[in-house]
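Student: Hey, got a minute to walk me through this one? I'd like to get my bearings before I set anything up.

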Amino acid sequence: MDFFRFERDIPFTRWGKFSMTFSLIISILAIYSLTTKGLNLAVDFTGGTVMEISYQQPANLDKTRKILAGIGMSDAIVQNFGTSRDVMIRLPVKLEHAGGNLSETVMTALKVDDPSVEMKRVEFVGPQVGDELLENGLLAMLFVSMGIVAYLAVRFEWKFGVACIVANLHDVLTILGCFSFFQWEFDLTVLAAVLAILGYSVNESVVISDRIRENFRKLRKATVTRIIDNAITETMSRTIITHGSTQMVVISMFLFGGEALHNFALALTIGILFGIYSSIMIASPILLLLGAKREDLVKPERKPQEEALP
Amino acid sequence: MNRYPLWKYIVIAVSILLGLLYTLPNFFGESPAVQISPLRAGIQTDMALLQRAEQVLKQHGLPYNGTILESTGIKIRFSDTDTQIKARDILDAEVGSDYIVALNLLPNSPQWMRHIGALPMYLGLDLRGGVHFMLQVDMAGALTKALDRYNADLRSTLREQRIPSAGIDRDRSRIIIKFRDEQAREKAISELGKTFEDLAFRSEDVNGERRLVASIKPEALIRMQNTAVQRNITTLRNRVNELGVAEPIIQQAGADRVIVQLPGVQDTAKAKDILGRTATLEVRMVDEDGDIDAALRGSVPSGTELLSERGGGHLLVKKQVLLTGDRITDAQPGFDQDRQAAVHVTLDNNGSRIFKQLTRNNVGKRMAILLVEKNVTEVVTAPVIREEIGGGRVQISGQMNSIEARDVALLLRAGALAAPMEIIEERTVGPSLGAENIERGFNSTLYGFLIVSVFIMIYYSAIGVISVVALATNLLFLIGLLSILQATLTLPGMAGMALTVGMAIDANVLINERIRDELRHGATPQAAIHAGYERAWDAIIDTNLTTLLAGLGLMMFGSGPIKGFAVVLCLGILTTLFSAVTVSRAMVNLFYGNRKLTHVPIGAIKILKKSSSKR
């Protein structure tokens, strides 16, 4: 079996104008959504309490709301979660319930009505912790981005590092934009997915850059455009199979991983799809734009491609 | 040329065997158990205790599946959680006064495996159920408390040294002493400077008022904060012991935070109650002139309080607090001159001075040592003062046996939190959800692995099978490594495992595509395999190192569950480098390296016209 082999190099770089325009639009939309709608931040970041409770029979949400309103928590968000018997309650930070005894108050009130109600999960995050987690997340993103640029600059050349990180941040922006536009809940696991994508998407750019370097040595007469096109076309098969494999696992996570991994898998899916697109359609035009040339990678004093075969 | 030296095969074989050995305990499962461990050092867990426990269980008709006697405690295995919980309650009632009786899970793996350290992976709270708290020590509160204490000490020192002052006040972070004349201030500076090494004194003149400003020195402040956190951790540890938790984790996180993890605890209300206790110790005088019977009827003399005594009875105690528990540096159980059980308490400098003064003034009278807990005050002991006690060593004896003496010592040592604490994060996971999460994580990995395997085997035929076997050994190494390191596995960690499967195959795809490329360009089968592995190496290293970078970023800045994901991701990258390259190469070499190949069994390849003209 051998799919994704093409007779002629695909002129990816020629499509650069369109892809750049498309990505610019996507990025602007993402930024617009992020500034107007913002992210639907989970309790991890905002502080507050989330409770998952489980009834023996299908839950009556209105009744649960009434009980909560009865103990002064009319601002609680009550919704089904997974099955009709499972209920999720979200409560904002309450000053009068410092020290996290809020969940007990709620459980006591609910148990009066139905003793069979079972608490499955409680998450309480104080406001001071939430801010810190967000701050740390951004710091991590900065650290990883700088690390990647530095690594690629040493390994290849700064232009490759820049092209790659622009493509990557475009992926991150797209994920954030999607989560903002659809108001999917953005929690710690999604943040982890975003950072994993930041590291994972680089793979694509690395493999292509590797091929570009090789082509510069091998195809001495070819233009830069042709070399980039050829590199992308040659690695196409690997790109699709690898990402396809990763995506299969992510789909498996999406299907079997339950609610907790739902948004994690979602973020990875967007990241993988846009990761392929951006490293092909964004990184290469930027490389051309920055004026990558043979001398950047093939240093004159270096030996020509050494033959690995004895 | 596609041959490995023998030692490489041996290294690979040994690592696979080790991987298998350390992965194996994870498949035996765990059975519910009750763990009995001593509450205090010095109590033995011996055959007698074991026999007693067995007898108790037999009496109540509770079947058990075996017992383990270790120096640290006794573990009794049960077949189901219902019996386990019943047994815990009964055993707690029978032996609970001296021992912690806790629910636990015991791995079912054979004894010899445990001896070589082959344990199942250490599951995080989201997988096994339990409570996670993060508490923040209120440093501002600790500072206020310390300043209050200094305030009182400065006042009494000035009085002792007969230095006249026009008032002492405390504001938010300093103490201001006013003086009427310069001479008094000079004297105060020299005298107080000698006694209070941790304070910095500064003269200040405001509106013609002569002031002396005392503030805690920065280094003393840092020391104070560290001690406050350390003392709180000790206190928490002692309190958690009361809860009966099998493997509690109590550790400092950052400068002023403490993490408490209680696996298996469901009763969060009780856990919070015990953790949040603010017990303090006070020394006051007993009002011996007061009419206790009248007080019991409701007419308590002014300035006194009617308090209950430990072990029954009531006492009238004066409201004025003479000494608080902050002054205690140590408390140990022991015996007095008459071979009676006693508690030896060591006080700090100021505490000794205050105590000396108070005992000198009150020889022959009774003082009361009180424990204040959640606004309930109890008299621990109310001994008669026989003589002036100096040197800061106080002996508390009375109607106590040696066990009570130990308890009192423990309470005095760790009864009070050095600074108030607040719960700023809580994560509670019920046991049913924990089990569900394990299943979810397992299924994600399993089905992900299966579908990738099927696809790769179809796409790359025999070489694909080798890639899949390499992927399987990768998973084996990863689980083995996690088991050996006993790193905490969380649900995001399991997601990381699944993701490793998806990403690890990249290395093999890179290699296989390279081999195909070489074949397409007309290389001989053996040369193609060789060049494929050699040339893919650069890209494999680059891709994995950049992902590792992201993993390290997550590990540095991430917290809790995210850290679990990052650890698995990073370990996964290390195992990938080994298994995808070395293990798969070894298999290829073993099967194909030694013979003449007419083709490489890597699936049908499209040979393109263009490629031949290009080279």
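Tutor: Sure. A word on the annotations to begin with: UniProt positions are given in the numbering used here, feature names are shortened, and annotations may be inferred rather than shown by experiment. Also, this is a predicted model.

Student: Okay, so which residues of chain A does UniProt list for the SecD/SecF C-terminal domain?

Tutor: The unreviewed entry lists residues 109–291 of chain A, under "domain: Protein export membrane protein SecD/SecF C-terminal". In the model that stretch is 84% helix and 5% strand, with its end C-alpha atoms 68 Å apart.

Student: And which parts of chain A does the "transmembrane region" annotation cover?

Tutor: According to the unreviewed UniProt entry, residues 12–34, 137–154, 161–182, 188–208, 240–258 and 264–290 of chain A. Take two of them. Residues 12–34 of chain A are 83% helix and 0% strand, and the end C-alpha atoms lie 30 Å apart. Residues 137–154 of chain A are 100% helix, with 26 Å between the end C-alpha atoms.

Student: Switching to the interface: how many residues of chain B are in contact with chain A?

Tutor: 73 residues of chain B, which meet 65 residues of chain A. On the chain B side, at least two residues each come from α9 (268–275), β22 (421–429), α13 (431–485), α14 (491–520), α15 (525–557), α16 (560–592) and α17 (609–614). The largest share belongs to α15(B), with 19 residues.

Student: What's the make-up of that side by class?

Tutor: The side of chain B that touches chain A has 39 nonpolar, 18 polar and 16 charged residues.

Student: I see β22(B) in that list. Which strand of chain A does β22(B) pair with?

Tutor: β5(A), residues 118–125, in the antiparallel sense over five bridges. E123(A) has R427(B) as its bridge partner in β22(B), and R121(A) has V429(B).

Student: What does β5(A) pair with inside chain A?

Tutor: β2(A), residues 48–54, again antiparallel, over seven bridges. There R121(A) stands opposite E52(A). So R121(A) has a partner in β2(A) and another in β22(B).

Student: Is β5(A) largely enclosed or open, and why?

Tutor: Largely enclosed by the rest of the structure, because seven of its eight residues are buried.

Student: Now chain B by itself. How many helices and strands does it have?

Tutor: Chain B has 17 helices and 23 strands. The chain is more spread out than a compact globule, because its radius of gyration is 34 Å, well over the 25 Å that the globule rule gives for 615 residues. Its C-alpha trace spans about 110 × 75 × 40 Å along the principal axes.

Student: How much of chain B is buried?

Tutor: Buried residues make up 42% of the 615. As for contacts between residues at least 6 apart in sequence, 72% join residues at least 24 apart.

Student: What about the open sheet with β1(B) in it? What's the strand order?

Tutor: The order is β2-β3-β1-β4 in chain B, with antiparallel pairing. The edge strands are β2 (67–70) and β4 (99–107), each pairing on one side only. From one strand to the next, the twist averages 20°. β2(B) and β3(B), residues 73–77, pair over four bridges, and G73(B) is the bridge partner of E70(B).

Student: Which helix lies across β1, β3 and β4 of chain B?

Tutor: α3(B), residues 81–95, which runs at about 10° to β1(B).

Student: Let me pick a residue: A566(B). Buried or exposed?

Tutor: A566(B) counts as buried, because it has 26 C-beta neighbours inside 10 Å, and the cut-off for buried is 20 or more. A566(B) sits in α16(B). Leaving out residues up to four places away in sequence, it touches G551(B), L554(B), M555(B) and G558(B).

Student: Any odd backbone angles? Which non-glycine residues have a positive phi?

Tutor: Two to look at are Q183(A), with phi of about 55°, and S461(B), with phi near 45°. Most residues other than glycine have a negative phi. Q183(A) lies in the loop between α6 (158–181) and β6 (185–186) of chain A, whereas S461(B) lies in helix α13 of chain B.

Student: And how exposed are Q183(A) and S461(B)?

Tutor: Q183(A) counts as exposed, with 12 C-beta neighbours inside 10 Å. S461(B) is partly exposed, with 16 other C-beta atoms within 10 Å.

Terms used:
Residues are numbered from 1 along each chain as its sequence is written. Chains are lettered from A and ligands numbered from 1 in the order in which they are written. This is a predicted model: local features need pLDDT of at least 70, side-chain atom pairs count only at pLDDT 80 or more; totals for chains, interfaces and linings use all residues. Two residues are in contact if their C-beta atoms, placed from the backbone, lie within 7 Å. Ala, Val, Leu, Ile, Met, Phe, Trp, Tyr, Cys and Pro count as nonpolar, Asp, Glu, Lys and Arg as charged, and the others, Gly among them, as polar. Two strands pair if DSSP finds at least two bridges between them. The radius of gyration is taken over C-alpha atoms; the globule rule is 2.2 Å times the number of residues to the power 0.38. Axes are lines fitted to C-alpha atoms, for helices over the stretch in contact, and angles run from 0 to 180 degrees between N-to-C directions.
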